[in-house]
Structure formats: C-alpha cells, structure tokens
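User: Hi! Could you walk me through some charged and buried spots in this protein?

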Amino acid sequence: MPQNDTPQPGTFPVVRMRRLRYNKLVRELVQETSIPPDKLIYPLFLRSGQGIRVPIGSMPGVFQLSLDEMVREIEELKSLGIGGVLLFGIPDTKDACGSDALNSQGIIAQAVRAAKDAAQEKLLVITDLCFCEYTDHGHCGILTEIAGHADVDNDATLKMIADQALVHAEAGADMIAPSGMIDGMIGAVRGILDRNRFEHLPVMSYAAKYASGFYGPFRDAAESAPQFGDRRSYQMDPAAAAEQALREVELDLAEGADIVMVKPAMVYLDIMRMVRERFPNVPLAAYNVSGEYSMVKAAAERGWIDESRIVRETLTAIRRAGANIIITYWAKDIAAGNV
Ligand code: PBG
C-alpha cells in the first residue's frame with residue numbers, strides 16, 4: 001500500500017517547466033531575446049551655442065545640446081557601441097515654412113557635419129526629417145485651408161521635404177528618417193536622393209506613426225508643440241483598423257523605404273507583431289517614445305518601480321514583438337549597464 005505522503009505516479013508532473021528556470025545559467029541558455037547596443041539608436045536634441053546642456057524638465061537625463069557637447073556625447077556613444085544617433089535640430093528662429101531646415105548653414109546641417117566628423121564611421125548619423133521643430137505654428141509642414149480650417153498642405157510640403165532631404169544628404173547624413181506622416185514623403189525623399197547621386201542612402205520611414213499623447217515630453221525637448229489644433233489629420237488614429245498600419249507600411253515600402261518604423265512602441269506591440277508577420281524580411285524599427293520614458297522615470301524617482309527592471313523588460317518586449325532596431329532615450333544607460 002502506498003503511503004499517503006509519498007508522491008503518486010501520475011499525480012505529479014513528469015514535464016516540469018521549472019527545470020529550465022532553476023538557475024541563472026540554465027535560464028540564460030534558453031533565452032532568445034537580447035538587447036544588443038548596436039541595435040539601439042539614441043536621439044539627440046541640438047541647438048546653437050557653446051557649452052550648452054539644457055535639461056528637459058519632463059525627461060530627466062535628456063538635454064538640448066550645443067554641437068560641441070554633442071561631439072562629446074558621440075564620443076561616449078561610440079565607446080559604448082551604440083548603433084546610431086537620431087538628430088533633431090532646434091533652430092534659433094522659426095517661421096511659417098520652417099526655413100532653417102532648408103538652410104545649408106542651419107542647425108541640422110551644421111549638426112550633421114559635426115556629428116559625422118565625430119562619428120568616424122563608428123556609428124550612424126541619422127536625421128529626423130520633419131518641419132514641426134522649424135515652423136512657428138509647430139505643424140509638420142506648411143499650412144493651407146482645408147475644409148474651413150488650417151491644415152498641412154500635403155503636396156506643397158512634399159516639395160519642402162525633398163529639399164530638406166537634400167540638405168541632410170549634402171551635409172553627410174548616413175540615413176534619413178522622414179517623420180511627418182505626409183502622404184508620399186518616402187517617394188519624394190527617394191526621388192530627390194536618386195536624382196542627386198545619393199541613391200546609396202537608406203531611408204527609414206516613420207511608417208506607422210500614431211497621433212499619440214505619448215509625444216508630450218518630446219515636444220518640450222524639441223520645442224515642437226503645435227500652436228493650435230493637433231496632428232490627427234496626418235498621424236494615425238489609435239483606434240483605426242490595425243490593417244491601416246499595414247497599408248502605411250506597404251505604401252512606404254513601395255515608395256522605397258528601406259526600414260519601416262512603428263511608433264510609439266509600448267502600446268503598439270500588436271501592430272509591430274503584425275508588421276513583422278506580414279513583412280518578415282523587412283527591417284523593423286520601434287520608437288520607444290518620450291512619454292514612455294518619462295512615465296518610468298517619474299515612477300522610479302518616487303521609488304514606486306525599479307527603473308532597470310522596467311526598462312529591460314520593456315525593451316525585451318519590443319524586440320520580442322519583432323523590432324530589430326529600437327530608438328530609445330535609454331540607449332546609453334542600457335549599453336553602459338546603468339540600467
Ligand atoms: C516629429 C517627431 C515627433 C517625435 C519624433 N519625431 C513628435 C511628433 O510627432 O509630434 C516624437 C518622439 C518622442 O516622443 O520621443 N518631428
């Protein structure tokens with residue numbers, strides 16, 4: 001007679017999932033998802049001046065930098081093996097059509113030249129291509145009246161997007177990332193690059209970019225908040241059919257995008273997974289945006305959560321959802337092992 005305290009065959013599991021969790025080495029052996037530094041891109045906010053590091057109140061650890069400070073930052077990023085930087089220019093003066101963005105002596109052109117010098121081909125210098133930081137109204141292009149209200153003039157903006165792309169390319173950018181969600185923007189950029197002997201330059205499209213509350217802190221950093229209205233007439237509606245994101249990606253690929261992006265990251269992991277499955281061979285980037293960063297920072301400052309664990313778990317989830325490349329304000333901290 002079996003005794004009551006002896007395990008009964010069949011009543012205890014033969015297969016035990018815990019066997020592959022019982023110590024760190026065995027857990028690491030079966031890990032699949034990693035966060036390599038060379039897959040991370042670090043955004044930089046740049047302004048004129050010397051020795052300037054303006055802290056962004058809503059983004060602890062993030063600064064607006066003058067170009068000499070940017071160069072120091074790039075030295076550090078190189079030593080950490082970060083894949084690239086994504087440059088955002090903040091001009092001294094803004095106007096209705098964002099002229100500084102089209103100026104070969106403007107902030108973004110100067111920043112690209114200085115960044116390329118510093119990078120020494122050790123990391124990629126990528127430019128965000130948009131107008132919202134350069135226009136006095138804060139919208140992502142020039143305005144016209146559509147159906148009785150001011151709105152971005154799609155086709156007039158396309159022409160300016162092309163001009164801006166040429167400024168970035170001539171300054172030496174390694175890759176251009178149009179972020180305005182203007183219809184046809186990838187074709188416009190590809191066209192002008194190809195006509196000007198920049199056919200080798202890759203384009204990373206902010207392909208499925210949602211009109212999101214998670215961009216709030218970025219707009220402090222880039223000084224790019226719309227002065228009236230919002231961006232719902234060009235960025236995607238969070239409640240839109242998920243298929244719409246796939247159409248955006250498909251169109252951008254047809255226009256010549258080399259890398260496509262889903263943005264924001266954390267609350268759009270489903271979209272990322274769909275893009276990954278529908279386009280299995282296309283490099284996919286995710287933008288872990290400012291609001292995602294600030295929420296974690298704020299809670300960590302209060303001691304409510306453990307920043308390192310949350311950051312690693314978040315970036316792991318983004319990679320697991322299918323993103324190859326992650327643009328994140330934590331790039332440096334991750335690579336340096338600070339989080
Ligand atoms: C547009 C742009 C934005 C972000 C990246 N590029 C802001 C917007 O669309 O309003 C947001 C990035 C972030 O929130 O971290 N130039």
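Analyst: Happy to; please keep in mind that this is a predicted model. A good place to begin is helix α5, which spans residues 185-195. Both D194 and R190 lie in this helix, 4 residues apart, or about one turn.

User: How far apart are the closest N and O atoms of D194 and R190?

Analyst: The two residues sit about one turn of helix α5 from each other. They form a salt bridge, and their closest N and O atoms are separated by 3.0 Å.

User: Is R190 buried or exposed?

Analyst: Buried means under 20% relative accessible area. R190 has a relative accessibility of 11%, whereas its partner D194 is partly exposed at 37%. With its 11%, R190 therefore counts as buried.

User: How many residues apart in sequence are the parts that D258 and R190 tie together?

Analyst: D258 also forms a salt bridge with R190, with 3.7 Å between the closest N and O atoms. D258 lies in the loop between α7 (242-254) and β10 (259-263), while R190 is in helix α5, so the pair ties together parts that are apart in sequence by 68 residues.

User: In which helix do K159 and D163 lie?

Analyst: K159 forms a salt bridge with D163, the closest N and O atoms being 3.1 Å apart. K159 is exposed at 52% relative accessibility, and D163 is partly exposed at 27%. They are 4 residues apart, about one turn, and both lie in helix α4.

User: Which residues touch the most other members of the largest nonpolar core?

Analyst: This core has 112 residues. Its largest share, 9 residues, comes from helix α4 (residues 154-171). The members that touch the most others are L87, M204 and Y287.

User: What is the separation of the C-alpha atoms of P178 and A207?

Analyst: P178 lies in strand β8 (residues 175-178) and is buried, at 0% relative accessibility. P178 and A207 are 29 residues apart along the chain, and their C-alpha atoms are separated by 8.8 Å.

User: Which residues are linked in a network of salt bridges?

Analyst: A search of the whole structure finds 18 salt bridges. The residues linked in a network are R53, E69, R72, E73, E76 and K332.

User: Which residues gather in a patch of positive charge on the surface?

Analyst: One of them is R21, found in the segment before α1 (24-29). R21 is partly exposed, with a relative accessible area of 48%; the cut-off for patch members is over 30% with no salt bridge. The patch is made of R16, R18, R19 and R21.

Key:
Residues numbered from 1 in each chain as written. Predicted model: local features only at pLDDT ≥ 70, side-chain atom pairs only at ≥ 80, totals over all residues. Heavy atoms only, no water. Patch = residues over 30% accessible without salt bridge, like charges linked within 9 Å, V, L, I, M, F, W, Y side chains within 5 Å. Areas by Shrake-Rupley, 256 points an atom, 1.4 Å probe, with all protein chains shown as cover. Salt bridge = Lys/Arg side-chain N within 4 Å of Asp/Glu carboxyl O. Lys, Arg positive; Asp, Glu negative; His and termini not counted. Charge placed at Lys NZ, Arg CZ, Asp CG, Glu CD. Buried < 20%, exposed > 50% of the residue type's maximum accessible area, 1.4 Å probe, protein only. Core = buried A, V, L, I, M, F, W, Y, C linked by side-chain atoms within 4.5 Å.
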